[in-house]
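I opened a new notebook page for this one and kept my entries short. Come along and look things up with me.

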Amino acid sequence: MNLQITETAVSCLKKEWDFTDGDFIRVYVRYAGGGSEPYALGILREKPEPNDEIIQMSSGGFFIYMKHSDVWFLEDRSLKIDAQGEHLLFLIED
């Protein structure tokens, strides 16, 4: 699994979401409702616990991570976080 974030998303997080350098951003799986894809990705400003198993990367002054318990959602795919205006886009690629 590969986790990446674009400069556009970094700018969006700083401008629209009030994230600052040094913040920890957790990407997590949440239940979004029925239909063909009942799950979606979300973000939290949350520092990992010392015993959390995580996949982490640093970019734009942030520490972005997913807990291993959420990685199942990507099933060996990559996640690219981008933005359009004030909206974050979670692009899952094979």
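**Entry 1: a buried cysteine.** Before anything else I wrote down a cut-off: buried means under 20% relative accessible area, exposed means over 50%, and partly exposed lies in between. I also noted that this is a predicted model. Then I looked up Cys-12, which is found in helix α1. Is Cys-12 buried or exposed? Its relative accessibility is 4%, so Cys-12 counts as buried. Next I listed what Cys-12 touches, leaving aside its neighbours within four places in sequence: Trp-17, Ala-83, Gly-85, Glu-86, His-87 and Leu-88. I checked Tyr-65 as well, and from C-alpha to C-alpha it is 18 Å from Cys-12, with their places 53 residues apart in sequence.

**Entry 2: the sheet by the helix.** Two names on that contact list came back when I turned to the strands: Ala-83 has Leu-88, in β7, as its bridge partner. I traced the sheet and found 3 strands in the order β1-β6-β7, forming an open sheet with mixed pairing. Which strands are at the edges? They are β1 (3-5) and β7 (87-93), and each pairs on one side only. From one strand to the next, the twist averages 20 degrees. I jotted a reminder that strands of a sheet pair through backbone hydrogen bonds, either parallel or antiparallel. For β6 (residues 78-84) and β7 the sense is antiparallel, over 7 bridges. Helix α1 (residues 7-15) lies across β1, β6 and β7, and I read its angle to β6 as about 60 degrees.

**Entry 3: a serine with two contacts.** I moved on to Ser-59, which lies in strand β4 (residues 54-59). Its relative accessible area is 15%, so Ser-59 is buried. With neighbours within four places in sequence left aside, Ser-59 is in contact with Ile-5 and Val-10.

**Entry 4: the nonpolar core.** Ile-5 turned up again when I looked at the largest nonpolar core, which has 23 residues. Which of its members touch the most other members? My list reads Ile-5, Leu-13, Val-27, Ile-64, Leu-79, Ile-81 and Leu-88. At least two residues of this core come from each of β1, α1, β2 (24-31), β3 (39-45), β5 (62-67) and β6. The largest share, 4 residues, is supplied by α1. A general note for the margin: in soluble globular proteins, nonpolar side chains tend to be buried together.

I picked Val-27 for a closer look. Beyond its neighbours within four places in sequence, Val-27 is in contact with Leu-41, Gly-42, Ile-43, Ile-64, Tyr-65, Met-66, Asp-70, Leu-79, Ile-81 and Phe-90. I underlined Asp-70 among them, to follow up in the next entry.

**Entry 5: salt bridges.** How many salt bridges does the structure hold? I noted 5. Side chains of opposite charge can pair when their charged atoms come close.

I began with Arg-26 and Glu-46, whose closest N and O atoms are 3.1 Å apart. This pair links distant parts of the chain, with Arg-26 in strand β2 and Glu-46 in the loop between β3 and β4, 20 residues apart. Arg-26 is buried, at a relative accessible area of 14%, while Glu-46 is partly exposed at 28%.

Then came Asp-70, which also meets Arg-26 in a salt bridge (3.2 Å, N to O). Asp-70 sits in the loop between β5 and β6, and it is 44 residues from Arg-26 in sequence. With a relative accessible area of 8%, Asp-70 is buried.

The side chains of Lys-67 and Asp-52 form another salt bridge, at 3.6 Å from N to O. Lys-67 lies in strand β5 and Asp-52 in the loop between β3 and β4, so this pair ties together parts 15 residues apart in sequence. Lys-67 counts as buried at 19% relative accessibility, and Asp-52 is partly exposed at 23%. Last, I drew one network on the page: Arg-26, Glu-46 and Asp-70 are joined by salt bridges that share partners.

**Entry 6: past the last strand.** I finished with Asp-94, found in the segment after β7. Asp-94 is exposed, with a relative accessible area of 87%. Its C-alpha is 6.3 Å from that of Ser-78, and the two are 16 residues apart in sequence.

Technical notes: Residues numbered from 1 in each chain as written. Predicted model: local features only at pLDDT ≥ 70, side-chain atom pairs only at ≥ 80, totals over all residues. Heavy atoms only, no water. Pairing = 2+ DSSP bridges. Axes fitted to C-alpha atoms, helices over the stretch in contact; angles between N-to-C directions. Contact = heavy atoms within 4.5 Å. Buried < 20%, exposed > 50% of the residue type's maximum accessible area, 1.4 Å probe, protein only. Core = buried A, V, L, I, M, F, W, Y, C linked by side-chain atoms within 4.5 Å. Salt bridge = Lys/Arg side-chain N within 4 Å of Asp/Glu carboxyl O.
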